[in-house]
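Got the viewer open? Load the model, switch to a cartoon view, and follow along from one selection to the next.

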Amino acid sequence: MAAQVAALENRLEGAEYQQRLLRTTVAGLAREVGCSLGCQCSRCEGSYTFVKDGSMYCPRCGDREPL
Ligand SMILES: [Zn+2]
């Protein structure tokens with residue numbers, strides 16, 4: 001049991017580390033194309049939004065809302 005918990009802790013730490021790297025990469029990628037990263041899409045909740053020219057755009061469902 002303790003070994004299973006330790007294995008899960010290792011996997012969780014790895015996943016959190018990867019998520020931090022990806023979050024930094026995605027934010028940098030957004031900046032490269034002139035956007036910034038917004039909050040989670042309120043319509044599909046399946047992606048973060050891009051913020052550009054005063055509106056938020058969801059790359060998953062295509063929803064666009066003014067800020
Ligand atoms: Zn969406």
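How many of the 31 residues of helix 1 are buried? Keep that in mind while you select residues 2-32, which make up helix 1 in this predicted model. From first C-alpha to last, the helix reaches 45 Å, close to the 45 Å expected at 1.5 Å a residue. Now colour by burial: the count of buried residues in helix 1 is zero, so to speak a helix that is hardly covered.

Step just past the end of helix 1 and pick Gly34. Its phi is positive, about 85 degrees.

Next, zoom out to the whole chain. You should find one helix and four strands, running α-β-β-β-β from the N terminus on. The radius of gyration is 16 Å, well over the 11 Å that the globule rule gives for 67 residues, so the protein is more spread out than a compact globule. Draw the principal axes and the C-alpha trace spans about 50 × 25 × 15 Å along them. Of the 67 residues, 6% count as buried. If you like contact maps, look at pairs at least 6 apart in sequence: 0% of those contacts join residues at least 24 apart.

Last stop: strand 1, residues 36-40, where you can select Cys39. Is Cys39 buried or exposed? It counts as exposed, because it has 9 C-beta neighbours inside 10 Å. Leaving aside neighbours within four places in sequence, Cys39 is in contact with Tyr48 and Thr49. For a final distance label, click the C-alpha atoms of Cys39 and Arg23: they are 16 residues apart along the chain and separated by 12 Å.

Notes:
Residues are numbered from 1 along each chain as its sequence is written. This is a predicted model: local features need pLDDT of at least 70, side-chain atom pairs count only at pLDDT 80 or more; totals for chains, interfaces and linings use all residues. Helices (H or I, at least four residues) and strands (E, at least two) are DSSP runs, numbered from the N terminus. The expected span of a helix is 1.5 Å times one less than its number of residues. A residue is buried if 20 or more other C-beta atoms lie within 10 Å of its own, exposed if 12 or fewer, and partly exposed in between; C-beta atoms are placed from the backbone. The radius of gyration is taken over C-alpha atoms; the globule rule is 2.2 Å times the number of residues to the power 0.38. Two residues are in contact if their C-beta atoms, placed from the backbone, lie within 7 Å.
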